[in-house]
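Reader: I am new to this structure and would like a close look at a single part of it. Please start with one pair of strands and work outward from there, explaining each term as it comes up.

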Amino acid sequence: MPKFTKSPTLNRQAFAVRVRDMAGVFGAMFRVSIVRVLLLVCSALLGTPDARAGLQFEAGQVTGGFHYVVVSGDFAYQDDLSAFENLVRANTAIAVTFKSPGGNIYKAIELGRLIRRLGLSTIQFRAGECASACSLAFLGGVLRYADPGSIGVHKSSFQGDVPISTQDAVSAVQQITADVITYMIEMGVDPALLQLSLQYDSNDIRYLSMSEMVKYRVVTSSSGGDRPAVASQAPSYTPLPPQPAPPTVASQPPSTGSPTLSIPDARSGRIGHPRGSAPLKALPEPRSTNVAVLRNGVAVTIIGNTGRWYRVQVGNKIGYMHDSWVHVDQYDGGPLGRRHIQIKSFDNYAEAEAYVRSASIPLSAYLANNGWFAITLSDTYDETMAKGLVREMKAKGAIPGDAYSTFGNTYVRKVCCQ
């Protein structure tokens with residue numbers, strides 16, 4: 001398999017030829033509009049200064065009213081993405097491109113989800129750079145196009161001089177892996193891409209070929225006439241007008257007779273971690289230093305959230321805990337300490353209900369706090385029983401090979417079926 005190296009910066013004339021050649025990427029309906037946008041994006045990439053620490057956002061406009069945004073710099077946990085959203089809304093942008101060597105994984109995932117929510121497309125050329133964590137943000141595009149060798153991946157690393165034990169390091173890696181896989185599935189990307197990334201150390205970069213990007217569904221279209229891969233949701237070409245942020249609700253409103261799909265605010269909870277205790281982190285990321293280690297059952301007050309991290313207080317200590325570590329009092333996902341066996345998930349209620357009702361074994365569907373629906377066996381179990389049941393049912397082919405036991409701390413309530 002080829003390993004790409006970065007090509008020298010292209011001149012504007014050569015870039016214009018490349019754009020002309022890919023005029024049909026997003027379909028005849030938007031051919032002229034996309035080409036105009038891409039020509040401006042090319043100019044922005046060729047003229048943008050080198051990336052600096054922290055993200056910068058620049059807007060551009062072409063004749064005819066089409067807009068784009070260039071994201072440059074390193075992803076950092078303190079980056080305020082409201083500036084990006086405000087810029088997109090103010091300029092009714094339809095596309096995003098990047099000039100970033102990477103940075104904080106969770107901030108890149110947060111931007112990717114924001115890009116998807118705003119209905120934007122992502123475009124990447126080899127003259128720019130989108131490597132490491134940046135590749136995760138790129139995946140947020142409803143429509144995605146990238147030149148061969150323009151998207152770089154590798155394994156994550158622990159940066160700085162933060163002391164961390166072997167056990168905490170293993171736990172952090174497991175948590176990051178789970179979160180990245182969840183995000184990739186959410187974006188319609190094959191999570192096997194992560195296996196390829198893990199083959200390359202953090203001081204190395206693996207630039208993807210076009211065939212690999214098509215194989216792993218990194219792109220939804222290729223310039224070689226390949227059949228476009230399908231994104232995880234239907235694209236929307238209408239730019240969003242300025243509007244207030246939507247309330248926290250599930251991904252699809254319920255039909256008549258369906259249970260309520262509203263998600264209550266998480267205000268308090270108790271620790272529930274498979275290892276028996278969970279770290280209280282100084283920052284909302286697994287690699288951050290521990291403020292304290294809290295045993296299962298300890299009560300915490302939830303005073304805010306950043307992405308999938310709760311900001312919690314216990315006594316006089318304040319820090320961050322991943323939402324999968326806290327059994328929220330305002331949710332009704334089952335008894336604290338009992339295991340669910342999750343076998344599948346859907347992004348809409350209709351498919352979740354149909355799957356449960358057509359199954360040959362008793363199943364339930366739970367609304368999760370990200371608006372998706374988790375499909376589980378209908379009962380809950382203690383740890384020993386859950387592990388043994390998962391092992392036996394997989395061996396018999398009764399449940400999928402990627403099924404797993406979980407506390408279900410992110411489950412809001414059971415919505416199907418009595």
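Author: Strand S10 (residues 277-281) and strand S11 (residues 290-295) run antiparallel and are joined by 5 bridges. Two strands are said to pair if DSSP finds at least two bridges between them. Helices (H or I, at least four residues) and strands (E, at least two) are themselves DSSP runs, numbered from the N terminus. Across this pair, Pro-279 of S10 faces Val-293 in S11. S10 is mostly covered, with 4 of its 5 residues buried. Buried stands for under 20% relative accessible area, exposed for over 50%, and partly exposed for what lies in between (1.4 Å probe, protein chains only).

Two notes on reading the model come next. The model is predicted, so local features need pLDDT of at least 70 and side-chain atom pairs count only at pLDDT 80 or more, while totals for chains, interfaces and linings use all residues. Residues are numbered from 1 along each chain as its sequence is written, and side-chain values use heavy atoms, with hydrogens and water left out.

Going back along the chain from S10, the loop between S9 and S10 holds Gly-272. Gly-272 has a relative accessible area of 2%, so it counts as buried. Setting aside residues up to four places away in sequence, Gly-272 touches Asn-296, Ser-324, Trp-325, Leu-336, Phe-407 and Asn-409; a contact here is heavy atoms within 4.5 Å. Gly-272 and Gly-408 are 136 residues apart along the chain, and their C-alpha atoms are separated by 9.5 Å.

On the other side of that loop is strand S9 (268-271). S9 and strand S12 (residues 299-306) run antiparallel and are joined by 3 bridges. Within this pairing, Ser-268 has Thr-301 of S12 as its bridge partner. S12 is also joined to strand S13 (residues 309-314), again antiparallel, by 5 bridges. There Asn-305 stands opposite Tyr-310 of S13. S12 and S13 form a hairpin with 2 residues between the strands, and in this hairpin Gly-307 takes a positive phi near 60 degrees.

Before S9 comes the loop that follows helix H8 (210-215), and Val-219 lies in this loop. Val-219 counts as buried because its relative accessibility is 1%. From Val-219 to Phe-138 the C-alpha distance is 9.3 Å, although the two are 81 residues apart in sequence.

That loop also needs a caution about confidence, which pLDDT expresses: it is the predictor's confidence in each residue, from 0 to 100. The protein chain averages a pLDDT of 78, and 73% of the residues score at least 70. Over residues 224-256 the pLDDT is below 50, and this stretch has 51 contacts in the model beyond near neighbours in sequence. Where pLDDT is low, the predicted coordinates should not be read in detail.

A helix later in the chain, H9 (residues 349-358), has Tyr-349, Ala-352 and Val-356 as its buried residues. Seen down the axis of H9, these buried residues fall within an arc of 65 degrees, so they line one face of the helix; the arc is that of the directions from the helix axis to the C-beta atoms. Strand S16 (340-346), strand S17 (363-368), strand S18 (373-377) and strand S20 (411-416) are what the buried residues of H9 pack against. On the face turned away from the buried side, H9 carries the exposed residues Arg-357 and Ser-358.

Finally, the core. The largest nonpolar core has 95 residues, and those that touch the most other members are Val-71, Phe-84, Phe-98, Leu-111, Leu-136, Leu-139 and Met-321. Its largest share, 7 residues, comes from helix H4 (residues 105-117). A nonpolar core is a set of buried Ala, Val, Leu, Ile, Met, Phe, Trp, Tyr and Cys residues joined through side-chain atoms within 4.5 Å. Leu-136 is in contact with Ile-105, Ala-108, Ile-109, Val-180, Tyr-183 and Met-184, leaving aside its neighbours within four places in sequence. Phe-84 is also among the buried residues of helix H3 (residues 82-91), along with Glu-85, Leu-87, Val-88 and Arg-89. The cover over the buried residues of H3 includes strand S1 (55-61), strand S2 (67-73), strand S3 (93-100) and H4.

For the chain as a whole, the secondary structure comes to 10 helices and 20 strands, and 50% of the 418 residues count as buried.
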